[in-house]
Amino acid sequence: MAGIYTDVDRLILDRWDEVSDLLAAREELQDRIAETIEAAGQKLERALEPRGYLVESQAKDGEFHVYRSSWNDRRRGPSVYFTLGAFCPRGYRKVVEPHPYLWLMTETLANFRVKDEERRSLAAAIRRALGAAAESWDHEDCYDDAPVGRSLTRIGNRQRAENISSPSRLYDFALAELEAAFEIAAIVERCVEKHLAR
């Protein structure tokens, strides 16, 4: 039975108290990270409102949802939105992705009674309308409710930890990455309006 434990298991067993203290500290840190996300999100809201965008901070998921105010319905919420996510290091709450991502999400069109088949049609229309730009938004994980997206593969765990080290750093990172979404927002809006008018 001596071979049950690995070397890592033995290290943890030998330092059980320290490991337990580290795990408790990590839990407390996650609460402070959530506060950082909220603070950066508020700063992002103030900066983007004059440009016609609304921001929702999703601290538990480590995401920002961003959409044009014209896409928002008071009762039903946004018709579509961009998600900038996984900007926290892997292991922060639900974050499992190896890199941050920027995605267009369309599942909220269900609130506007847009059926699955119409959302598939919209996804194809958006990709066609983007033309050559669609190539940089064509991630292998794209699907009907996330028709275009990109993984920010140049950003690893170390940089993610640096990005969340302060609300200002996270704000700077988010604002810079969201510019790519803003470049295609008009095309997305035209396609969505056309489908909602049917």
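**Exercise 1. Pairing in the sheet**

How many bridges join strand S2 to strand S5, and which way do these strands run? Work it out on this predicted model, then place both strands in their sheet.

*Solution.* Start with the pair itself. S2 covers residues 63–68 and S5 covers residues 81–85. Between them you should find 4 bridges, and the strands run antiparallel. For a concrete example, pick valine 66: its bridge partner in S5 is phenylalanine 82.

Now widen the view. The sheet is open and has 5 strands, in the order S1-S2-S5-S6-S7, with antiparallel pairing. Look at its two ends: S1 (53–58) and S7 (148–151) each have a single partner strand, so one side of each is left without a neighbour in the sheet. Going from one strand to the next, the twist averages 20 degrees.

**Exercise 2. Put the sheet in context**

List the helices and strands of the protein along the chain, and say how much of the protein is buried.

*Solution.* Count first: the protein has 5 helices and 7 strands. Reading from the N terminus, you get α-α-β-β-β-β-β-β-α-β-α-α. The C-alpha atoms fill a box of roughly 70 × 40 × 35 Å along the principal axes. As for burial, 42% of the 198 residues count as buried. Finally, check the contacts with a separation of 6 or more: 61% of them come from residues 24 or more positions apart.

**Exercise 3. Two helices across the sheet**

Find which strands H2 lies across and which ones H5 lies across, then test each helix against its expected span.

*Solution.* Take H2 (residues 16–48) to begin with. This helix lies across S1 and S2, at about 175 degrees to S1. Its 33 residues reach 47 Å from first C-alpha to last, close to the 48 Å expected at 1.5 Å a residue. The buried residues of H2 include Ile33, Ile37, Leu44 and Leu48, and what covers the buried ones includes S1, S2 and H5.

Next comes H5 (residues 167–196). It lies across S1, S2, S5, S6 (101–105) and S7, at about 155 degrees to S5. A straight helix of 30 residues would span 44 Å, but H5 spans only 37 Å between its end C-alpha atoms. Trace the axis and you'll find a bend of about 45 degrees at isoleucine 184.

**Exercise 4. A glutamate in H5**

Is glutamate 189 buried or exposed, and what does its side chain touch?

*Solution.* Glutamate 189 is found in helix H5. Its relative accessibility is 16%, and the cut-off for buried is under 20%, so glutamate 189 counts as buried. Then look for partners: its side chain makes a polar contact with the side chain of tryptophan 71, at 2.8 Å. Leaving out neighbours within four places in sequence, glutamate 189 is in contact with Arg68, Ser70 and Trp71.

**Exercise 5. Positive phi in two loops**

Where do alanine 86 and arginine 113 lie, and is each one buried or exposed?

*Solution.* Some background helps: most residues other than glycine have a negative phi. Alanine 86 goes the other way, with phi near 55 degrees. It is found in the loop between S5 and S6, and at a relative accessible area of 1% alanine 86 is buried.

Arginine 113 also has a positive phi, near 60 degrees. It lies in the loop between S6 and helix H3 (116–130). With 75% relative accessibility, arginine 113 counts as exposed.

Terms used:
Residues numbered from 1 in each chain as written. Predicted model: local features only at pLDDT ≥ 70, side-chain atom pairs only at ≥ 80, totals over all residues. Heavy atoms only, no water. Pairing = 2+ DSSP bridges. Axes fitted to C-alpha atoms, helices over the stretch in contact; angles between N-to-C directions. Contact = heavy atoms within 4.5 Å. Expected span 1.5 Å × (residues − 1). Bend = angle between axes of the 7 residues up to and from the residue. Buried < 20%, exposed > 50% of the residue type's maximum accessible area, 1.4 Å probe, protein only. Polar contact = N/O pair within 3.5 Å; in protein donor to acceptor, adjacent residues only side chain to side chain.
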